[in-house]
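Trainee: I would like to go through the spaces in this structure and the terms used for them. Please show the sequence and the model.

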Amino acid sequence: MELIDKRREKLLPIARWPSRDEAAASILFSPLRLGPTELRERTWVPAMVPWRATDDGFVTPEVLEWYRRFAQGRPGALVVEATGIRDVPSGPLLRVGHDRYISGLNRLVETVRQASAGQSKLFIQIIDFLAIRRRPTKESFFGRYLNVDLHYRRRLSELLGDSQWQGADEPLVRKSMQRLSEEEIAALLRPMHLESYRFGYRERVTDVDKPHIRDLPSVLPGLFADAARRCAEAGFDGVELHFAHAYTMASFLSALNTRSDGYGGPREQRVRLPLEVYAAVRSKLPSNLVLGCRFLGDEVISGGNRIEDAVFFGVAFAKAGFDYLSISKGGKFEDAKQPKVGAAAYPYTGPSGHECMPTTHIGPPGPFGRNVPLAAAIRRAVREAGCSSLVVTSGGISSFWQAEDILRRGEADLIGAARQSLADPDWFRKTRLGMGERVRRCLFTNYCEGLDQAHRPVTCQLWDRLELPDEGELARTPDRRRWTAPEWSQPEEQ
Ligand SMILES: Cc1cc2nc3c(=O)[nH]c(=O)nc-3n(C[C@H](O)[C@H](O)[C@H](O)COP(=O)(O)O)c2cc1C
Ligand code: SF4
């Protein structure tokens, strides 16, 4: 408990929470038109992957329970985790790449509708990602993965000062490479192979020598549109296209995208595929559904997009007709930490990842509302361009006056709170009822994110620290943590 108290000292001080009347009169808790729908209030729970789907990507009782719990807090909008648009194995992440997923997702929609008494709008984030492999052992990399071509035979001969390796049997060449020191390996391998050796192989949108990568621009609009159509059939109120972080669409937008087929290079070409995806999805989505996207206000990597790029994209997206733009930051593979052998790189381990989910350990100005200036710059440009798309901000927002001030200053239209809502799914509701003192405040030290990194069911460290009656075996994850936040016996709203 002492440690927790120490961590609490690092949180944004809250002089006082609003009274019920102040909450009722606030911008945060006032309604807002969002495209074809209306939000009851401007509170928003951004997408969070909880690792609770089946290995085939289906909705489970634990997925239902996860979203039911968020819905009880009745945010204005709740966004379902990144959900894969392809029908390919991708571990316990939700999928919507086939019609067989619709009925499970429909149960999710019904669960949220019931738990929020129809008050929260439910959106779903849809994603495409490229292949990434685990970091190989030295034995497997040189024993199997590396293509031992003439170039490598020559390099090995030069390195070892012995020309016999140019014509030696392949198994012998491979064995010899396995005996090289790390320094020799660095001298032997081409940069891309050295990276695969050190980090694990990762596909890039610039690998246009591979037909399935070259053809992404012709394939992705259809895949996104079909997935969005299924989301509409499942009953969601809207769809969010995942154009952020380390995944395919963000990589098309990235300044590191040098494709020369009209889909890379200058900003106008990097934004082309996202706009084509938008058009394809819009054409299949019923007009009463919201369509938004999440993208980066700054990639925070060397040579990557800065706010100027993001402003350009934001205006292009708004002009195209997105109902909302949700602004995130960082979360890239390029600066991720080297994974352990047998593990895959994780895009939230380097400086850009720390910006994506900032903790109390991050440098000035601290984690609280750190990304707001990005959203503010994009919103300003979107308004100056005469567009009305709403802007969602997130990153360390966890208290009422902080959120209210952001809205009052016109820096964003909607307040996203991911980890604070994880720590206490009822926090919006408690605040609205003038019971802010009862909010369980997120500590912003990323225990939850560590579980995400390990691909284990995500929970909050605070859920286990409360003295509550035993909830029985079913309420625990396999490693004995609580599956969901403890229930709050809510007073009736008048
Ligand atoms: C466990 C976990 C899973 C996440 N999964 C997603 C995701 O699926 N899609 C996404 O866009 N962001 C994801 N995020 C990022 C959050 O949506 C959010 O942008 C980030 O945590 C910063 O906001 P916060 O300070 O309010 O938590 C995830 C964050 C966490 C902690
Ligand atoms: S585990 Fe995550 S949600 Fe819980 S207190 Fe820590 S950072 Fe916040």
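Mentor: What follows covers ligand 2 and the second largest pocket.
This is a predicted model, in which local features need pLDDT of at least 70, side-chain atom pairs count only at pLDDT 80 or more, and totals for chains, interfaces and linings use all residues. Residues are numbered from 1 along each chain as its sequence is written, chains are lettered from A and ligands numbered from 1 in written order, and side-chain values use heavy atoms, without hydrogens and water.

Trainee: What makes a residue part of the surroundings of ligand 2?
Mentor: One of its heavy atoms must lie within 4 Å of the ligand. By that rule 13 residues surround ligand 2, with Cys442, Leu443, Cys448, Cys460 and Gln461 the closest. Helix H19 (419–423) and helix H21 (447–453) each give two or more of them, helices being DSSP runs (H or I) of at least four residues, numbered from the N terminus. H19 has the largest share, three residues.

Trainee: Which class dominates that shell, nonpolar or charged?
Mentor: Nonpolar: nine residues, against three polar and one charged. Ala, Val, Leu, Ile, Met, Phe, Trp, Tyr, Cys and Pro count as nonpolar, Asp, Glu, Lys and Arg as charged, and the others, Gly among them, as polar.

Trainee: What is in the lining of the second largest pocket?
Mentor: There are 18 lining residues, and Arg133, Phe141, His193, Ser196 and Tyr201 lie nearest the centre; a lining residue has an atom within 4 Å of a grid point. H9 gives the most, four residues. The lining divides into six nonpolar, four polar and eight charged.

Note on methods:
1 Å grid on protein atoms, 1.4 Å probe; cavity = no way out; pocket = protein on both sides within 12 Å on 5 of 7 lines; lining within 4 Å.
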